[in-house]
Amino acid sequence: MSVSVNSAVNAEAKNVLSQFAATGVQSSFHGRHISPQILADLNGGNWRLKDYEARGGYQALRKILAQGEGVGMTPDQVIADVKLSGLRGRGGAGFPTGLKWSFMPRQFPGQKYLVCNSDEGEPGTCKDRDIMQFNPHSVIEGMAIAAYAMGITVGYNYIHGEIFATYQRFEEAIEEARAAGLLGEKILGSNFDFQLHASHGFGAYICGEETALLESLEGKKGQPRFKPPFPASFGLYGKPTTINNTETFAAVPWLIRNGGQAYLECGKPNNGGTKIYSVSGDVEFPGNYEVPMGTPFATLLELAGGVRKGRTLKAVIPGGSSSPVLPAAVMMECTMDYDSIAKAGSMLGSGAVIVMDDSRCMVESLKRLSYFYMHESCGQCTPCREGTGWLWRVVERIHNGLGRSSDMDLLNSVADNIQGRTICALGDAAAMPVRAMIKHFRHEFEAMIGQKTPQANASAAVQA
């Protein structure tokens, strides 16, 4: 590489780092990951194909496509290795990846599709953006391996519309891979064909739901479909389709290169490998942290510099805004994996860890969350369309000092009539934070209702 190209790369890296430094967010460029697999050795500028190959990139794809006696891997062997690894979907649901891949009817005679869900819109989550921006070839290689395992020849990466620069970066990486013979026809001299395309959304949170994503990808309004039928049998353009999250695909190359057992041993039973956690809120060093599954929350908090100086931990939302809040005492006993967080009464979700210290008003926090879900409801289901707005208005009323003694029961009743009664999980995502906030911090709501503000008293006098 020439000196001028080196200078350009360094300038790009410094520019990226300065953007994060200006906001106090360190993103993914720090030395506090634990045994990283996806974010290892990234500096903001080494995202190109040659950089990725220098880190061992595309060795996994070469491993499975190797020609000759006793080499290479069959599709069944790839799926078996992914099942062994304990890799679970990193988008939120945590469904076993190998099991999902096995649902694809490999002998289906028509076209089948592979889709990457990069519509990252969950408040607090910023891991997929960094993966695509700074290690895009890991996603491309992971998708190619998945396509080989399921006998798929066409794939799409649906990227959140509000990170258009990341979409452009991913398109450039696709072109690099295509020019190197790593995408297209007869990849690496084999009989395997795989065409990959990038598509950007327009910032709708609802398109993170897999069937709404498919509707949007088809050029229609991004609204969820009824299930069944599930995408594995009736997905994109009515054809069998497998959908996985960005981080899930990015984890696959390391898994295949080192073996499913090695990946499993990086985490814990039923929770293999590493996970990227987007830690935000009241910590000293917000950013993305990649650590093995099963790492104690206390360790993750320490990596992020701990709670802001002079403050104590009050509560944590462990998996993005849709997961129920947990009090500090409960969260400090948890390990960061799907099973431990579920046992504590919440969800690991997308891995967006929102830390709240003792200065936070939980009524105000819930008001902001409720407004988001009201704003992002697609309006297709009546309980969600009407209920999310109702939740926000009641919480806002309490926060403004106009709350009523019956509002606690009203909030729980509205949440009960939303949860489990909508086509997709957005209704659940709006209802669960409300129920959890009231469960763990009811006293704050009741105190705000019982102590009306001067502004509220004036409003009540005017109304009288």
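## Cavity, sheet and helix 15

The largest cavity holds about 70 Å³ of space. Of its 13 lining residues, Pro224, Cys378, Cys381, Cys384 and Cys424 come closest to the centre. Sorted by class, the lining has eight nonpolar and five polar residues, and no charged ones. The structure is a predicted model, and one cavity in it reaches 30 Å³ or more. Empty space of this kind is found by rolling a probe the size of a water molecule over the atoms.

A second feature is an open sheet of five strands, in the order 6-5-11-8-9, with mixed pairing. Strand 6 and strand 9 are the edge strands, and each pairs on one side only. Strands of a sheet pair through backbone hydrogen bonds, either parallel or antiparallel. Strand 8 and strand 9 run antiparallel and are joined by two bridges. Val316 stands opposite Leu326 of strand 9.

The table gives the residue ranges of some strands in this sheet.

| Strand | Residues |
|---|---|
| Strand 6 | 287–292 |
| Strand 8 | 313–317 |
| Strand 9 | 326–327 |
| Strand 11 | 352–357 |

Helix 15 covers residues 362–376. Its 15 residues should span 21 Å at 1.5 Å a residue, and this agrees with its end C-alpha atoms, which are 21 Å apart. Buried residues of helix 15 include Met362, Val363, Leu366, Leu369, Phe372 and Tyr373. Lys367 and Glu376 are also among the buried residues of this helix. The buried residues of helix 15 pack against two strands of the sheet, strand 8 and strand 11. They also pack against helix 16 (382–399) and helix 18 (426–450).

Technical notes
Residues numbered from 1 in each chain as written. Predicted model: local features only at pLDDT ≥ 70, side-chain atom pairs only at ≥ 80, totals over all residues. Heavy atoms only, no water. 1 Å grid on protein atoms, 1.4 Å probe; cavity = no way out; pocket = protein on both sides within 12 Å on 5 of 7 lines; lining within 4 Å. Points joined across faces, edges and corners; volume = space filled by probe spheres on them. Nonpolar A, V, L, I, M, F, W, Y, C, P; charged D, E, K, R; others polar. Pairing = 2+ DSSP bridges. Helix = DSSP H or I, 4+ residues; strand = E, 2+ residues; numbered from the N terminus. Expected span 1.5 Å × (residues − 1). Buried < 20%, exposed > 50% of the residue type's maximum accessible area, 1.4 Å probe, protein only. Contact = heavy atoms within 4.5 Å.
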